[in-house]
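Here is a quick tour of a protein model, written for someone who would rather be at the bench. Have the structure open and follow along.

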Amino acid sequence: MVTGSDLKESEHAVEIAKAHPGLCYATIGVHPCSASQLASHPSGGSAAYLSSLRQLAESSRSAGHAVAFGEIGLDYDRLSLCPKETQLQVFDQQLDLAAELDLPLFLHMRAAMEDFERILRKGDAHEDGGEGNAGGGGGAGAGGAMGRWAKLRRRRGLVHSFTGTLEEMQRVVAMGFDVGVNGCSMKTEENVAVVREVPLERLQIETDGPWCEMRPSHASAAFLKDAPPLPKAVKKEKWTKEWMVKGRNEPCAITQVAWAVAKIKGVGVEEVCEAAWNNSIRIFGLGEEPTS
């Protein structure tokens, strides 16, 4: 999956998916750190920007190139890149659009769990003081219309590159979402303890390349001592197709993510890979059918 982080990068992701059909798939959306782009859009502000996102998502979904709406969410660790209020507004606007498009979500959350869950659950009886249904997909009003949260819950999604607490992970799972694990998810002993408790049926693995590489200084390094080696890494000027670029996280490094997760959880790497693959297919499709 090639992730869209704003309109331009979403268009680029779709072009990559078109160039590699059946191998690459795009997501469409605006990362919280890029949320200020909407108001400053030169051709009509936020409304025009969202209209362009909608058109891109509709056309690329119909063509089989886009499989999710995102990367959207909240990032309070990097408020220097985009103010909190702008992030909240754009997240809310994009969730409206995602519900209308009927696409699963590709979500980002850093140090923002309370607002993250509140915005996601907007319109849910559970949040409005009613009895609610944290695990179910209800939400139809008296007239039978399905509300936004019910639509989002039905299509589900992934909270990717998860770095939150154990309690936050459990809340993500209770909302019906999968948990994405990569190198950033296993930096500290606290991170490792959370990964150990992610249910296999809600686990997906990722690299988030070119970022989130696994480093010797991370807690995950203790679980990679007997992992299969990665390809040789060289400077970009010396790159050939069988080698990695030094200092850049690449898709092939997902093998080390799977290995570390398996060792952390005390299960076989094949079990982790099969579970993560099937979970990804169930939510995003990716032109495949689950194997179990």
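## Glu 71, tucked into a strand

Glu 71 has a relative accessible area of 6%, so it counts as buried. Keep in mind that this is a predicted model. You'll find Glu 71 in strand E2, which runs over residues 66–75.

Who does Glu 71 touch? Leaving out residues up to four places away in sequence, its contacts are Thr 3, Gly 4, Thr 27, Gly 29, Val 30, His 31, Pro 32, Phe 106, His 108 and His 160.

## Glu 71 and Asp 208 as a pair

An unreviewed UniProt entry carries a "binding site" annotation that covers Glu 71 and Asp 208. The two span 138 residues in sequence, yet their C-alpha atoms are no more than 11.4 Å apart, so they gather at one spot. Both Glu 71 and Asp 208 belong to the lining of the largest pocket.

Asp 208 sits in a loop, with strand E6 (203–205) on one side and strand E7 (233–234) on the other. Setting aside residues up to four places away in sequence, Asp 208 touches His 160, Ser 161 and Asn 182.

## The two histidines

UniProt (again an unreviewed entry) also lists His 108 and His 160 under "binding site". This pair spans 53 residues in sequence, but the C-alpha atoms are no more than 6.0 Å apart, so these residues gather at one spot too. The lining of the largest pocket includes His 108 and His 160.

His 108 is part of strand E3 (residues 105–110), and at 3% relative accessibility it counts as buried. Not counting residues up to four places away in sequence, its contacts include His 31, Pro 32, Glu 71, Arg 78, Phe 116 and His 160.

Is His 160 buried or exposed? It's buried, at 1% relative accessibility. His 160 lies in the loop between strand E4 (157–159) and helix H6 (166–174). Beyond its neighbours within four places in sequence, His 160 is in contact with Glu 71, Phe 106, Leu 107, His 108, Gly 180, Glu 206 and Asp 208. That list takes in Glu 71, His 108 and Asp 208, so His 160 touches each of them.

## Where two helices cross

Now for a pair of helices. Helix H8 (residues 254–265) packs against helix H9 (residues 269–284) at an angle of about 115°, and their axes are 8 Å apart. H8 and H9 are therefore roughly perpendicular to each other, and H8 passes H9 in a right-handed crossing.

Which residues meet there? From H8 come Ala 258, Trp 259, Val 261 and Ala 262, and they meet Val 269, Val 272 and Cys 273 in H9.

Technical notes. Residues are numbered from 1 along each chain as its sequence is written. This is a predicted model: local features need pLDDT of at least 70, side-chain atom pairs count only at pLDDT 80 or more; totals for chains, interfaces and linings use all residues. Side-chain values use heavy atoms; hydrogens and water are left out. UniProt positions are given in the numbering used here, feature names are shortened, and annotations may be inferred rather than shown by experiment. On a 1 Å grid over the protein atoms alone, a cavity is a set of points where a 1.4 Å probe fits but cannot get out, and a pocket is an open set with protein on both sides within 12 Å along at least five of seven lines; lining residues have an atom within 4 Å of a point. Helices (H or I, at least four residues) and strands (E, at least two) are DSSP runs, numbered from the N terminus. Buried means under 20% relative accessible area, exposed over 50%, partly exposed in between (1.4 Å probe, protein chains only). Contact means heavy atoms within 4.5 Å. Axes are lines fitted to C-alpha atoms, for helices over the stretch in contact, and angles run from 0 to 180 degrees between N-to-C directions. Angles under 35 degrees count as roughly parallel, over 145 as roughly antiparallel, 65 to 115 as roughly perpendicular and the rest as oblique. A crossing is left-handed if the near helix is turned anticlockwise from the far one by less than a right angle, and right-handed if clockwise.
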